[in-house]
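User: Hey, can you walk me through this protein? I'm new to this.
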Amino acid sequence: MSTAGFNSQNGTGTGQTYTNGPSQNPVALQQPSGVGYSVNHQPAYNQMQAKVLAPPGPALYPSGPYQPVPPGPQVGSYPPAPAQPLLPRPQIGILPSHTPPQSASPSPGPRPAQATPPAQATPPPPAVTSTSYYTGPPAWQYAAPRGPAPNHVNPAAAAPPLMSHSSAQPPGPGAPPTSIHGFTQPGSAPPPMNPLPPHTYQPNRPAYGPPPTMKPTAPPAGPPGTTGTPPPPKADDVAGNGPQAPNSYNHVDNRMAGAAPPGPPGRHLGHYPSLPPGYQNTSAPPPSSLHPALQAATQPYTQGPQPYQQQPGGPGPGPGAGPAQLSPSMAAMSLQSSTPEALRVVNLLQERNLLPPAPVPAPTPCLTQDLQKLNCSPEVFRCTLTSIPQTQSVLNKAKLPLGLLLHPFKDLSQLPVVTSSTIVRCRSCRTYINPFVSFLDQRRWKCNLCYRVNDVPEEFMYNPVSRSYGEPHKRPEVQNATIEFIAPSEYMLRPPQPAVYLFVLDVSHNAVETGYLSVFCQSLLDNISALPGDSRTKVGFITFDSTIHFYNLQEGLSQPQMLIVSDIEDIFLPTPDSLLVNLNECKELVQDLLKSLPNLFEKTMETQSALGSALQAAFKLLSPTGGRMSVFQTQLPNLGVGALQSREDPNQRASAKDVQHLSPATDFYKKLALDCSGQQVAVDLFLLSAQYCDLATLGCISRYSAGSVYYYPSYHHQHNPAQVERFQRDLKRYLTRKIGFEAVMRIRCTKGLSIHTFHGNFFVRSTDLLSLPNVNPDAGFAVQMSIEENLDDMQVVSFQAALLYTSSKGERRIRVHTMCLPVVSSLSDVFAGADVQAITGLLACMAVDRSVTSSLSDARDAMTNAAIDSLSSYRQSALTIQQPGLLAPACLRLFPLYILALLKQKAFRTGTSTRLDERVFAMYQLKYQPLAFAMLMIHPALYRLDDLSDEGALNIGERTIPQPRVLQLSVEKLSREGAFLLDAGLVMYLWIGRNCHQNFLSQVLGVSSYAAVPEKLYLLPELDTAESQRTRAFVSWLRDQRPFFPSLHIIRDESQLKPHFLQNMIEDRTESALSYYEFLLHLQQQISK
Ligand SMILES: [Zn+2]
């Protein structure tokens, strides 16, 4: 049997002590006010000239950190001043009046003096926490049950002053805030943009007029999530929170929602909200199109359409009948009777066509209908096992990982928003009241996580929906598994921060050469009014090469003023008060700057990159407020702090041996990220480069600050138009998507279960509290769980994720998701509830950690062993009748295929040439993408496009979207007469066969023959033919359903990109990897050992 499992799932970090605060720049702190530097004013100020700063004094700066830089050399490297200089005025008098700023200077502005003076109050995160991974007992399914999961944080050390108040455990109504010294009373805070949005009710308010409607968006029958229902007004936007900009992803959701026919709950992944009719009507699938295995898989979902949200006062369960009143004992059902098909035995060696024709749906937990229809959408909350084992020993036997996958800030087309002065929470464990609590009577409710009996507050007795009294179980909080609260003042430590955006731009020769700068500037110009925010929104810009350039955008200036700091060793802010400016007041200056920037550096010959210093400067600038730092980098930083050296040996890219350098070369970026996290700053990294940039090191800046990483390998404005388009589309989404600031997320689960080992981008602030300086709607998270105490008496358990954040409009909000799952005692029931995609997603996260902490080969072995062990256990312990073959329950029939896909995925593959940065990026993606998108990276979708028809098509608004069947990833499925689209998430290939039908060539590609298909083609031409419209409709529909923009490569059979296309044919054999059938034989051999 296998030996290498995921037994040591320790964090990836080295656990070194991290010290927070400004100690990295002690010089800045020592500098006496007013004498730190002065400015060499140039009467005729040359815009390209460094704003030279005189040395402050030899004693303090023996090395002359602020050495004046002779204008000569610098000017020489730049183009002569244009006729219209950017910076005509030297701004005499501004600079000397400022003390070199430092984060320790409490800004007199937005932040109350006591609310975390950055220098001292940022608590040093605990020593070990720097990994953000659990360092306690590591095992998941293989280890014996262990004691309560030790936090990798000393609780005493893990209660930073700031977070302890703004966290998801604010003092509740019954527990007055213990410290609100930093909080300014609501009156002084910016008023909510929309104090009484239509979706909001305020129980304290005297009723007048028509009853306040909780949900004007009456939830029609439809599946959970965003599909199957007509597009309602976006609740969160109506409530004044969403970005004002059209959110393309939301719109997509809405469009989908308008057209998709209602389907069973739980069947719609984020990127496939609608399925072809043949699959939706699972009760009567076309006999020929459905494999028996598929029919088996669809059986559990045949309970028919159900409303995601209960109609308050509608035909929901009446008093006494609602799930909220169900005692847990009524909640369970016989698993065997409801999901026999999930356990149907499949001999994988005999059944070849296991893929369903449409994307694999999430399994539906085996709960009573009453409970399930209230349950959280699987798009938001999924568990690897939809039936929770009663004991750790049953879990150990199943050899399947137990964990949760979350997409907590997903764009939702329906989101109930509640304003209430009293947010009802358990007095003991602080769980938010939710649909799965039980009411003992009208005055008492029992917590579903810790079982404490709580009083129902008087205010909660009034149901604003029905305007009746005495129906607490009909309150929206008890009718919606996903709900958002507008938080009262005790959930704030300080007034909610404004939206602050700082852009840090590489302007070295290499950067300018790629042409990214003009694309960025144009994109920001186009979207500047759509940046989420309000009248307080601030922006700022820093550019850098071997020096750091600031831009004074203060109101009243006639033009932006560039300030160059050439001492990168002790970085300081030249005019701290005018570098981050109010966007509304200074929009013209900002626009001027964006128009000038690309030209400004057009002819630079500066090749060096002082990224580390630029990040330090940006951190100082953002520290007083927090905010979002967007960093654009095009090369390996090679100057000053954080300078790196290439670690990649191109000759080793195709090695079958272990891959080196997956962990950071320096902890500089991680430490800075933790500093940022402490000051509510998240760093998003856009890496555009043809060269190795050491993403394994640079990525830490985003990973630990809860940022995002975007990677555009070989970006070039002329040579790589597909990347340029991707970059443009991604930027638009990035700039306009919803954003939450100063966020924390806490995940709770029913007593007996224990959460450990988080995956994603964040910093673990204490046991179960994730610090998210920013949260964005495209971020996914995963956690592993263990069973600490037997769940003997329980029929169901619950999980609750609470995300506390500040909206871009300055409202403090709490989004709460609650999921309920049944508890089972038998091993077969555990197998019956297995969610193969969630399992695969979680294993991928664990394997990334293993690759970094141990080795890639170890991670690969562990993944293979996961399949061997679970199928072996199934055979030995769950099968009643032994038979030959490689046997799997129907619900796990795709498990070996997905594991093989992971082994061939860019992140984990060996023997195939893989750039180190691309591998590391794939690893980041697997940990950070919501499951639906990660699955596309793992197991791409293949479709035949030359015979698209409207049969079974979706009708969305005016559009008709063909729904071709998903094909197995094998060249067997390709044909020279056809054209096939491979959708691998971030990239799509449309492969044209040599004998492709003439009709497709002319009607879709607009060429007369195969030979006329251009060598490089990235766009489908817009032809006025039915075939062209169908094809484009399908491709754009696929693209619309994800928040990032996949490139499209249209390739002929002899294209250079063909190997990339073929690498995705996972079921086929390659020189370095087994075919699917060979892999199955390998598994069988191991299992029968
Ligand atoms: Zn509780």
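Analyst: Sure, one term to start: a contact means heavy atoms within 4.5 Å. In this predicted model, residues 24 or more positions apart account for 79% of the contacts with a separation of 6 or more.

User: Any ground rules?
Analyst: Residues are numbered from 1 along each chain as its sequence is written, and side-chain values use heavy atoms, with hydrogens and water left out. As the model is predicted, local features need pLDDT of at least 70 and side-chain atom pairs count only at pLDDT 80 or more, while totals for chains, interfaces and linings use all residues.

User: How many of the 1089 residues are buried?
Analyst: 67% of them, with buried meaning under 20% relative accessible area (1.4 Å probe, protein chains only).

User: Cool. At what angle do α23 and α24 pack?
Analyst: About 175°, with the axes of α23 (856-878) and α24 (895-904) 10 Å apart. Axes are lines fitted to C-alpha atoms, for helices over the stretch in contact, and angles run from 0 to 180 degrees between N-to-C directions. Helices are DSSP runs of H or I, at least four residues; strands are E, at least two.

User: Which residues of α24 make the contact?
Analyst: Phe895, Pro896, Ile899, Leu902 and Leu903.

User: New topic: what's the strand order in the open sheet of 4 strands?
Analyst: β28-β31-β32-β33, with mixed pairing. Two strands pair if DSSP finds at least two bridges between them. β28 and β33 are at the edges with a single partner strand each, so one side of each has no neighbour in the sheet.

User: And which helix packs on that sheet?
Analyst: Helix α27 (998-1005), which touches β31, β32 and β33.

Technical notes:
Buried < 20%, exposed > 50% of the residue type's maximum accessible area, 1.4 Å probe, protein only.
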